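Subject: A structure for you to look at

Hi there,

I am passing a structure on to you, and I hope you enjoy looking through it. Please open it alongside this email.

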Amino acid sequence: QRCDLAALVYLRQHLSVETLDVARAVSDRLASSLPVIPTSVACGSQCLPFFSLIFGKGKRDAEAEHRELCQRLALLDDAILALRKKIASEVEVAIDKTMAAAERYANAETRHSLWSTRIEQLQKYGAEVQAQPAEELEAALSRFQVRSEMVRRQGDWHQAIAELSGAVGFI
């Protein structure tokens with residue numbers, strides 16, 4: 001779903017003399033970011049007569065354009081492969097981050113529940129025997145602190161979900 005990948009695939013599928021200027025701009029920019037630039041291109045010369053007819057140019061011009069088209073195709077193929085690997089890595093990191101954020105939120109929620117239970121126990125104990133207002137206030141303060149952390153963790157979790165959506169291309 002990523003726009004950058006879709007654009008490269010579209011350019012690759014529609015590469016022609018008309019789109020060669022765009023392919024030059026894109027592939028030249030990509031060449032600086034790709035570790036390996038192809039030196040030999042597997043594009044046969046069987047299509048040279050076809051290119052000559054389409055372009056209406058001499059054989060030498062058609063051969064040069066043919067070679068450049070083949071080089072740009074190979075570079076775009078490499079760029080698409082590299083981008084797919086990069087996206088896969090980004091998605092994996094985003095999934096890990098989302099899972100960790102969800103776990104931290106669940107832990108904060110559990111601690112909040114435990115403090116709520118503790119306050120109920122102190123109130124019940126105070127009603128039956130003797131009230132312990134200091135201990136009850138301390139437990140209430142701890143529960144509010146954990147509630148604050150829980151809200152923060154929930155925000156982190158939603159942020160991680162948004163980053164995952166961006167990594168896969170839904171945003």
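Below is what I found in it, starting with the whole chain and then going residue by residue.

One thing to keep in mind from the start is that this is a predicted model.

**The chain as a whole**

The chain contains 5 helices and 0 strands. Read from the N terminus, its elements follow the order α-α-α-α-α. Of the 171 residues in the chain, 27% are buried. The chain exposes an area of about 11500 Å², and 56% of that comes from carbon and sulfur atoms. I also looked at contacts between residues with a separation of 6 or more: 74% of them join residues 24 or more positions apart.

**The largest nonpolar core**

The largest nonpolar core has 15 residues, and the members that touch the most others are Leu 5, Leu 8, Leu 15, Leu 76, Leu 83 and Ile 87. Two or more residues each come from helix H1 (3–13), helix H2 (20–33) and H4. Which element gives the most to this core? That is H4, with 8 residues.

Leu 83 is a good place to start if you want to see this part on screen. Setting aside residues up to four places away in sequence, Leu 83 touches Arg 2, Asp 4, Leu 5 and Leu 8. Leu 5 and Leu 8 are also on the list of core members with the most partners.

**Around Asp 28**

Asp 28 belongs to helix H2. Its relative accessibility is 45%, so Asp 28 counts as partly exposed. Beyond its neighbours within four places in sequence, Asp 28 is in contact with Ala 23 and Arg 72. Asp 28 and Leu 75 are 47 residues apart along the chain, yet their C-alpha atoms are separated by 9.0 Å.

**Where H4 and H5 residues come together**

Now for some residues of helix H4 (residues 59–128) and helix H5 (residues 133–168).

Thr 98 sits in helix H4. Is Thr 98 buried or exposed? Thr 98 counts as buried, because its relative accessibility is 10% and the cut-off for buried is under 20%. Its side chain comes to 3.2 Å from the backbone oxygen of Ala 160. Apart from neighbours within four places in sequence, Thr 98 has contacts with Trp 157, Ala 160, Ile 161 and Leu 164. Ala 160 therefore turns up twice around this buried residue.

Arg 104 is another residue of helix H4. With a relative accessible area of 34%, Arg 104 is partly exposed. In sequence, Arg 104 and Gln 154 are 50 residues apart, while in space they are 8.6 Å apart, C-alpha to C-alpha.

Gly 155 has its place in helix H5, and at 36% relative accessibility it counts as partly exposed. Gly 155 and Tyr 105 are likewise 50 residues apart in sequence, with 9.0 Å between them in space, C-alpha to C-alpha.

Val 151 is also found in helix H5. How exposed is Val 151? Val 151 has a relative accessible area of 45%, so it is partly exposed. Val 151 and Glu 109 lie 42 residues apart in sequence and 9.2 Å apart in space, C-alpha to C-alpha.

**Rings**

Two short notes on rings to finish. The count of aromatic pairs comes to 1. Arg 143 lies over the face of Phe 144, at 5.8 Å from the ring centre.

If you have time for just a few stops, I would suggest Leu 83 with its contacts to Leu 5 and Leu 8, then Thr 98 with its side chain reaching the backbone oxygen of Ala 160, and then Arg 143 over the face of Phe 144.

Happy browsing, and best wishes!

How values were computed:
Residues are numbered from 1 along each chain as its sequence is written. This is a predicted model: local features need pLDDT of at least 70, side-chain atom pairs count only at pLDDT 80 or more; totals for chains, interfaces and linings use all residues. Side-chain values use heavy atoms; hydrogens and water are left out. Helices (H or I, at least four residues) and strands (E, at least two) are DSSP runs, numbered from the N terminus. Buried means under 20% relative accessible area, exposed over 50%, partly exposed in between (1.4 Å probe, protein chains only). Contact means heavy atoms within 4.5 Å. Accessible areas come from the Shrake-Rupley method with a 1.4 Å probe; for residues, only the protein chains shown count as cover. Rings of Phe, Tyr and Trp (its six-membered ring) pair if their centres lie within 6.5 Å; planes under 30 degrees apart count as stacked, over 60 as edge-to-face and the rest as tilted. A charge sits over a ring if NZ of Lys or CZ of Arg is within 6 Å of the ring centre and within 35 degrees of the ring normal. A nonpolar core is a set of buried Ala, Val, Leu, Ile, Met, Phe, Trp, Tyr and Cys residues joined through side-chain atoms within 4.5 Å. A polar contact is a pair of N or O atoms within 3.5 Å; within protein, one must be able to donate a hydrogen and the other to accept it, and residues adjacent in sequence count only if both atoms are side-chain atoms.
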